[in-house]
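Reader: I should like to learn how a helix packed inside a protein is to be read, and how far such a reading may be trusted.

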Amino acid sequence: MQHGKYRFIAGFLIVPLALYAVFVIWPFVQAIYYSFTDWTGLSPDFAMVGFANYSRMLGDDVFWKSLQHSVIFALLLPLVTLGLALFFAFMLNVGGRRRKGAAITGVRGSGFYKIAYFFPQVLSIAIVALLFQFAYNPNDGVINGTLESIGFGDVRPNWLGDPNLALWCVMAVLLWSTVGFFVVLFSAGMASIPKDFYEAALLDGANRFTTFFRITLPLLWDTVQSGWVYMGILALGAEAFAVVQIMTVGPGGPDYSTSVLPLYVYQSAFRDANAAYATTIGVALLIVTLLFAAVVMRLGRRERLEY
Amino acid sequence: MGSTSGTSNGSAGVGRRNLLKRSAALGLVSVPAMSFLSACASGGGGSQDKAKEGKKTEQNPLGVDGSAALSVVIFDGGFGTKYATDANAEYKKAFPDAKIDFHSTQKIQSELQPKFNGGTPPDLIDNSGAQQMDVGVLSSKKQLADLTPLLDAPSIDDPSKKVRDTLRPGIVEMGRFDGDPVWTLYYAYTVYGVWYSQTALDRLDAEYPEDWDAMLALCAKAKKQGIAGWTYAGKYPYYVPFSLYPFIAKIGGREVLDSIDNLEPNAWKHPAVKAAFEAYYELQRKGYVLQGTPGIDHIQSQTAWAKGEALFIPNGSWVENESASVIPDDFRLSVGAPSALDASDKMPFGTLWASGGEPFIVPAQANNVAGGMEQLRIMLGETSSKNFTAQVKSLSALNGGTDGIELTPGLKSAVAALDKAGDNIVNPRIGDWYVKLQKEQIGVSGLGEMMAGRITPAEAIKKIQDFADATAKDESIKHYKHQ
């Protein structure tokens, strides 16, 4: 009695699919369509202009700079964030010295650290960016204040005002605000790895380094991979936009040293009244995001371990 | 999946069929929703009931329909919204039957753009703030009402005078983009220049320096006491032009600024531009700019300046209100016109940049266009104008209108500066006409880099000239010329 099975499945799926089509697919289609027009975004009339926006984009230095920064974000930020989160999670759950009663345990005070790491997650990214804007103030900011109190008063970097430092300052904020979430995510993943695996490894004389690379990481691979995609999208999209828009010189400066694709989309649409060009950059951003996800899925493909 | 259909077939059959029907029905609902959305993002104009034309009388020269609702959207920024709600109350007094729909926001563009696209904009908009809508684009797409009827209507205080004759210099001209129609009415009147504390200068035994040598000498004196000469909004270096542009005009005459506004080739290569840039660059070279300035925003720089860490800051008259909480009581806030570079300057000392702020627009598609204009006429009356000045510490577009109210120190000094300037008021338009060029390219990439000491004046001028040329060539940008 397989008759009607697909209709049955389709019946369940039609509502979510319709919602997905209306709210996700359709805006994409519209955006791609508008990228071939000269729509200003301020009035309903516009004309088709073919590939004019695309050829303009390819000759636009600011676009290439923004693309470059977005790609750096997408490559570097997940690597550093996930690496750090894995390290923290491992230390919190497995990395502690052996104590009485339990073979596997976190470092001393791990309960406190777990809360401390997660804390940035309860603040909205806009507030985080504002707080760091104060911290980066070269004159009365916390960072230069600390530098001064430990005897580096003459260094006084301009942080966000220095084109060589600004992009790293922004990245550090994103790292700070997201690493806690992944610590918690990976901690949950690690909790589901059976303790006897570790015990067996320890009996065989494995050190913490080996345990991490031979047991924890392979068993956590699925979680790491989805974290990677999630983090990449965050670094290409809204979070990167928010911190750059709120914190940086200009925003996007000094001298385009922190401009990223979503910021350029926003500026083209809402400052320059060139919504068509904004959607063109949006299409480029879509392609970059898809490429990123494809590469991660491809590189990350591994045999799944059942346990 | 397979197991469900195999085992529980008999009993669940009816329920499942019902379910199928229901989901199909939901699917039907979502289909029209989609075609509705397809018309949404750039859909055609709506056709709601427009207000009828009221009877034109002496009391009601614009012919407002007294029973029509009026919707007003105000930018909730440095000036707050009270002045506008007070003016709404005046409107209500004149038209008791009108329902007033008041809304304030900081996101003018993202909230109102969809309404323009949908053909249902409000009747009066304070198009201000970081999310200002591009009036050039709006007017070229026929989205704005021409305010000429308002300008030709009698003033609310003196029926023998037209509204246009009661306004401060430059206000009407600023509202034009090309040709005669006036698309915007700038309600506030802003004085730009070099802002300082008279008390701080007194402490250094100094007067406001009328020429550049005196400026450098004063900065050197201040530096010995650990006070910086200048600071500015390092993150938004497009504050620097507030004193730099009138300085250029003073050195080379107002034609230099006009040719810059008109994006003429080599406009920035004029010797006056070079001289002004080099003078400012010297402040940086000699260490007269507050350390760390390139990394601080406007609020942080104003706070440092109010605390006495720096003497001078290029700014506009809103600074008195914006930094009210950090400016000490004995500060004696004053504004100075740009110091003279040398005796060969084309314009006298006192040459000042003053212009309209808070651009109000009335959308052409609004339901109650006459009502929007009438509200502006009320706001340009002496009652509302005085209320505005008293509340937000800014002058309004109404010429005069400050008698009988206590002016704050900054405003008093601004009025004195306007008197001293007389006809020598300059009004560079490049910032209204080419926002990206002014803020991101000239401001951040040119002046910002130069004032941080990373490029020389010659490099900055070359960079800016290239940006200006690119803007002149860009066909997606609407171009304007001084008339």
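Reader: What covers the buried residues of α5(A)?

Author: In this predicted model, the cover includes α7 (166–191) and α11 (238–247) of chain A. The buried residues themselves, within helix α5 (residues 125–135) of chain A, are Ile125(A), Val128(A), Ala129(A), Phe132(A) and Gln133(A).

Reader: Why do these buried residues lie on the same side of α5(A)?

Author: The general idea comes first. An α-helix has 3.6 residues a turn, so residues three or four places apart point the same way. In the present case, the buried residues of α5(A) cover an arc of only 140 degrees around the axis, which puts them on the same side of the helix.

Reader: Which residues are exposed on the other side of α5(A)?

Author: Ala126(A) and Phe134(A) are exposed there.

Reader: How is the annotation "transmembrane region" to be set beside the model?

Author: One compares each annotated span with its predicted geometry. The unreviewed UniProt entry places this annotation on several spans of chain A, including residues 115–136 and 165–186. For residues 115–136 of chain A, the end C-alpha atoms lie 25 Å apart, with 68% helix and 0% strand. For residues 165–186 of chain A, the corresponding separation is 31 Å, with 95% helix and 0% strand.

Reader: Where in chain B is the pLDDT below 50?

Author: Chain B has a mean pLDDT of 84, and 90% of its residues reach 70 or more. Over residues 1–47 of chain B, however, the pLDDT is below 50, although this stretch has 41 contacts in the model beyond near neighbours in sequence. Where pLDDT is low, the predicted coordinates should not be read in detail.

Reader: What ipTM and pTM does the predictor give the complex?

Author: The ipTM is 0.80 and the pTM is 0.79.

Conventions. Residues numbered from 1 in each chain as written. Chains lettered and ligands numbered in written order. Predicted model: local features only at pLDDT ≥ 70, side-chain atom pairs only at ≥ 80, totals over all residues. UniProt positions renumbered as here; feature names shortened; annotations may be inferred. Helix = DSSP H or I, 4+ residues; strand = E, 2+ residues; numbered from the N terminus. pLDDT = per-residue confidence, 0-100. Contact = placed C-beta atoms within 7 Å. Buried ≥ 20, exposed ≤ 12 C-beta atoms within 10 Å, placed from the backbone. Arc of directions from axis to C-beta.
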